[in-house]
Amino acid sequence: MVMSGLRNSVAFVGSADTEVGVVPGLSATELCVQAALSAIHDAGLDKSQVDGLITCNAMAQPIMYHAEAMAEYLQIFPRYCMSVNTGGGTTFSIIHHAAAAIVTGMADTIVISMADSLRSGMTREQAAKTQSSTGHPLYEQIYGLPVPAYYALIAQAHMAEFGTREEHYAEIAVATREHAVNNPAAQKRDRISIDDVLSSRLIADPLHLLDCSLVSDGGAAVVLTSAERAKDLPNDPVYLLGVGEGHSHEHISQARTLTTSAAKESGQRAFAMAGLTVNDIDFAQLYDCFTPTVLIELEDLGFCAKGEGGAYVASGALRSGGALPVNTHGGMLSHCHSGNPGSMFALTETIQQLRHATGPRQLDTAQTALVHAQGGIMSSHTTMILGREPC
Amino acid sequence: MSNSAIDAHFRDGCEQGQLRLQRCTACEYVQFYPRVACSACGSDQLKWFVASGQGKIASYTVVRLPISQQFADLVPYVAALVDLQEGPRMMSVIVDSSPDQVCVGQAVRLAFRQWGSAEQQPIFTVVAPQN
């Protein structure tokens, strides 16, 4: 059943990022609170007007009942309060739930705030080990794979099945960096070439260092309310047109296939709710923990046929002025990747693009966007379609 | 760790050089990892049997950065998803071969070896191509 009831029913009215990259003096809790307050301020609201709060836990500073602790720190007293954890997919699956909560009257105005301090709040080994615990504890982790190696298995399978080349994955890193050059907040802003990616050291074949996302500190928050209330607030509302999820496995050895993900289902569900197709999408923000993730998402979401992701990216489609600019803030490959909150920055960028407020990197025609996040090892997927106008 | 008797039975198999799989007596489906019920039909009538040890590489990578000190002496090594002849897919490593001898579709054979901190893990070796 398609829940078209959520279409056009809620809108993003506030969005904010903290400083990102290497932010040594702020804990994950402090970043989360800063992001929340900035987003509330951006929305033109007072914190007393917030009656819903959603957070995700932080790896650098885990708290048993995270959202409750953040509400206490902020001294807000919501009637809807929860912390969630489905990895990188958390960021958008929770917006699905928040939208439903607003429509059903569980809350009127919900702040979603997520932050972590992977770079400064943990050692390199702690960060790598915590993240690789996504592997099955008895039947996968014993072999010692770091997270890039799990994704490398997918990359290699795609190469074997469809003839995809390392250069295709590298083009995704290059296009993403090109966007980051225009974003002063991005952690990495030096231009790179395909040769730079291919000559960077191998981490887990075929993935090179520059195929891998960053390790960062940072937080971001958004404010979601009903479309009706959104009209009375100062910012141009950004409407949720469609949203859908797909969940296929947790551990990569249990995936139904290595080369087609549940992004296919989440995308179909989101497009069906919005009543739109890929032809309506002006730009996209796709989860880019590693470059092959983007290539498979492009195929599964329908921007190109299965197996043709390599040729699609080689056409320059993802670059500024291309057929489908992707990760216009610089993504997790070049802007920042602070763990589970990673794609919150893709969401805040989308909101700013659709408000036409991103300055030099503003896309002229930004009307309708697709944002996609996944967690685990291509495990849990959520696709959202957002627009300047209801559809 | 796990307090599951099913996991313990699998582990005991490894200590004896056996890769133990479950076959559903209702629908014949073979599954790995071991579970309390058949993941195809839901029946709890499962029978253990010992895998043949033959498989093929579904995908692989070369791990170059050790996740922790326990793996520091092992890198670089080949990690792979192996499709067992009986059907299920499992994570493992390919030992005694250089990465350029490994490819998707390559036939491999089961063995048991100490790996990282764990004794007697299921690992695989490349089956030499026939001349």
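Between chain A and chain B, 13 residue pairs are in polar contact, counting pairs with both residues at pLDDT 80 or more; keep in mind that this is a predicted model. On top of that, there is one salt bridge between the two chains. Asp205(A) pairs up with Arg64(B) there, and their closest N and O atoms sit 2.6 Å apart.

So much for individual pairs; now for the whole interface. Here 30 residues of chain A touch 33 residues of chain B, and the two chains bury about 2,700 Å² between them, with 64% of that on carbon and sulfur atoms. If you want to know where chain A's share comes from, look at Tyr139(A), Tyr143(A) and Leu153(A): they supply 28% of the area chain A buries against chain B, more than any other three residues.

Which elements of chain A give two or more residues to this side? They are helix H4 (124–132), helix H5 (147–162) and strand E5 (202–204). H5(A) gives the most, with seven residues. Sorted by class, the side of chain A that touches chain B has 18 nonpolar, seven polar and five charged residues.

Let's move on to a helix pair within chain A. Helix H6 (residues 166–181) and helix H10 (residues 291–300) of chain A pack with their axes 8 Å apart, at an angle of about 100 degrees. Angles of 65 to 115 degrees count as roughly perpendicular, and H6(A) and H10(A) are therefore roughly perpendicular to each other. On the H6(A) side, the contact is made by His168(A), Tyr169(A), Ile172(A) and Ala173(A), while H10(A) brings Thr291(A), Pro292(A), Val294(A) and Leu295(A). Six of these contact residues are nonpolar, two are polar and none is charged.

How values were computed
Residues are numbered from 1 along each chain as its sequence is written. Chains are lettered from A and ligands numbered from 1 in the order in which they are written. This is a predicted model: local features need pLDDT of at least 70, side-chain atom pairs count only at pLDDT 80 or more; totals for chains, interfaces and linings use all residues. Side-chain values use heavy atoms; hydrogens and water are left out. Axes are lines fitted to C-alpha atoms, for helices over the stretch in contact, and angles run from 0 to 180 degrees between N-to-C directions. Helices (H or I, at least four residues) and strands (E, at least two) are DSSP runs, numbered from the N terminus. Angles under 35 degrees count as roughly parallel, over 145 as roughly antiparallel, 65 to 115 as roughly perpendicular and the rest as oblique. Contact means heavy atoms within 4.5 Å. Ala, Val, Leu, Ile, Met, Phe, Trp, Tyr, Cys and Pro count as nonpolar, Asp, Glu, Lys and Arg as charged, and the others, Gly among them, as polar. Buried area is the accessible area (1.4 Å probe) that two parts lose on being put together, summed over both. A salt bridge is a side-chain nitrogen of Lys or Arg within 4 Å of a carboxyl oxygen of Asp or Glu. A polar contact is a pair of N or O atoms within 3.5 Å; within protein, one must be able to donate a hydrogen and the other to accept it, and residues adjacent in sequence count only if both atoms are side-chain atoms.
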